[in-house]
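Here is a friendly walk through the architecture of one protein chain. Have the viewer open as you read, and follow the strands and helices along.

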Amino acid sequence: MKNQDSILVCGTGIAGLACALGLARAGLPATLLGARQVPDQLAADDYHPRVYAISPASRDLLDRLGAWRLMDARRVTAVQAMEIQGDADGRLGLSAWQDARDTLTWIVEAGEIERALHQAVQVMGIVWHEDRFERLENRVAGVRVTTSQGQVLEAALLVGADGARSPVRQASGIEYHYTPYGDMGVVAHLDLGLPHQNRACQWFTGDSVFALLPLPDTADGPQASLVWSMPEGRAREWLALDAQAQQQFFAAHARAITEDRLGALRLRTRPQGFALTLERSAMVAPGIALVGDAAHRVHPLAGQGLNLGLGDVRDLVDVLRTRESYRAPGDPRVLARYRRRRAEPVWAMGLVTDGLHRLFGASNAPTAWARNQGMRLVDGLPFLKRRLIRAAAGD
């Protein structure tokens, strides 16, 4: 491998594995750096705690990487419709048929996606250094990385796919902005009293967003994944309760919010929480590019965080694949193209999610009236619904 062409991908989560696969399939020499932790293949009625809504564009990418076909089809749920309820009489319904589609999105466990990507990486024979990033040194023709075990790895381009706290981003000095919301996202799996009919539901309550994503039925009946964004203090109080008290807290709030739209809801798993933030970065430096959570994070109310990261992977691979033959992968001109290509989608998604968070967090009566009227207006305009569906699909 010639050093002027080599690419080192630091991070072995979904974004890192997908990036290494994309590079390898494009004929670009890629190497992985990070822990090798293959998620367990769970029993039929057990599910990994985190799930993602995979857009059609992301599904196409995973299919081209050879990972989609490796997933267990019984663990993938097609979403054919979505209901969004405001905090008064506002309502918006989106259906796949409104844009002549079969599916709006697919709900898949994070662990199942990672398991399939691990298999695809193994099939491709990608070199994998099971070690941890420690230090970074910029050089004339690329970068030199020292690992925690003392390995020295040289590459023309270092891709930071190492998560929200990205050591690569910190070591590179890439410009970075962090805004905490003061909220937490709480996830859990639920037993439903009524079938979900492949429909996702979301309720805005004023100070929280309560979302239910359909999952495959179990022997006990229908189930869904909960993503509940709420003030951090309330979330921590709930998470600190014992199991019985958590059920009681959840049952009372869920009934008040959903009005039994999906029947009685019951926690199937212990809830887990994570802080909600808006994070942005400059994404590149000489010899370095960031993808996924290392580059940006948005509010989960639109369910687009992973799709945004997979968009980074797709565009970075395409920019590197089509660069001039005399330019190295880490050439600042090449990386500037990647940054420009990602600027609009990352900015737009951050604007939309942050704007919705602020809009529905405002408590004054005129704003509450306007946001619910706006939802009702959009619900009556088919062409706007088609635009929303296509934007969410990545078209």
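Ala78 has Trp106 of β7 as its bridge partner. This is a predicted model, and that pair is a handy place to start. Strand β4 is joined to strand β7 (residues 105–109) by three bridges, and the two run antiparallel. Both belong to an open sheet of three strands, ordered β3-β7-β4, in which the pairing is antiparallel. At its edges lie β3 (51–54) and β4 (77–79), each of which pairs on one side only. From one strand to the next, the twist averages 30 degrees. Packed on this sheet is helix α3 (residues 110–124), which touches β3 and β7; the direction of α3 makes about 80 degrees with that of β7.

A second sheet is worth a look too. It is open and has six strands in the order β8-β2-β1-β12-β20-β19, with mixed pairing. Because β8 (127–129) and β19 (284–285) stand at the edges with a single partner strand each, one side of each is left without a neighbour in the sheet. Elsewhere in that order, strand β1 (residues 7–10) and strand β12 (residues 157–160) run parallel and are joined by four bridges. One bridge partner to pick out is Leu157 in β12, which faces Ile7 in that role.

The two joined strand pairs can be set side by side:

| Strand pair | Bridges | Direction | 
|---|---|---|
| β4 and β7 (residues 105–109) | three bridges | antiparallel |
| β1 (residues 7–10) and β12 (residues 157–160) | four bridges | parallel |

Now for the helices. How do α7 and α8 cross? The axes of helix α7 (residues 305–321) and helix α8 (residues 332–361) come within 9 Å, crossing at roughly 155 degrees. That angle is why α7 counts as roughly antiparallel to α8. The crossing is right-handed. On the α7 side, the contact includes Leu308, Gly311, Leu316 and Val319, while α8 contributes residues including Val334, Tyr338, Pro345 and Met349. Charged residues take part as well, among them Asp312 and Arg314 of α7 and Arg337 and Arg341 of α8. By class, the contact has nine nonpolar, one polar and seven charged residues.

Finally, step back to the protein chain as a whole. Its secondary structure comes to ten helices and 21 strands. The C-alpha trace spans about 60 × 45 × 40 Å along its principal axes. The radius of gyration is 22 Å, which agrees with the value near 21 Å for a compact globule with 395 residues.

Technical notes: Residues numbered from 1 in each chain as written. Predicted model: local features only at pLDDT ≥ 70, side-chain atom pairs only at ≥ 80, totals over all residues. Heavy atoms only, no water. Axes fitted to C-alpha atoms, helices over the stretch in contact; angles between N-to-C directions. Parallel < 35°, antiparallel > 145°, perpendicular 65-115°, else oblique. Left-handed = near helix turned anticlockwise from the far one by under 90°. Contact = heavy atoms within 4.5 Å. Nonpolar A, V, L, I, M, F, W, Y, C, P; charged D, E, K, R; others polar. Pairing = 2+ DSSP bridges. Rg over C-alpha atoms; globule rule 2.2 N^0.38 Å.
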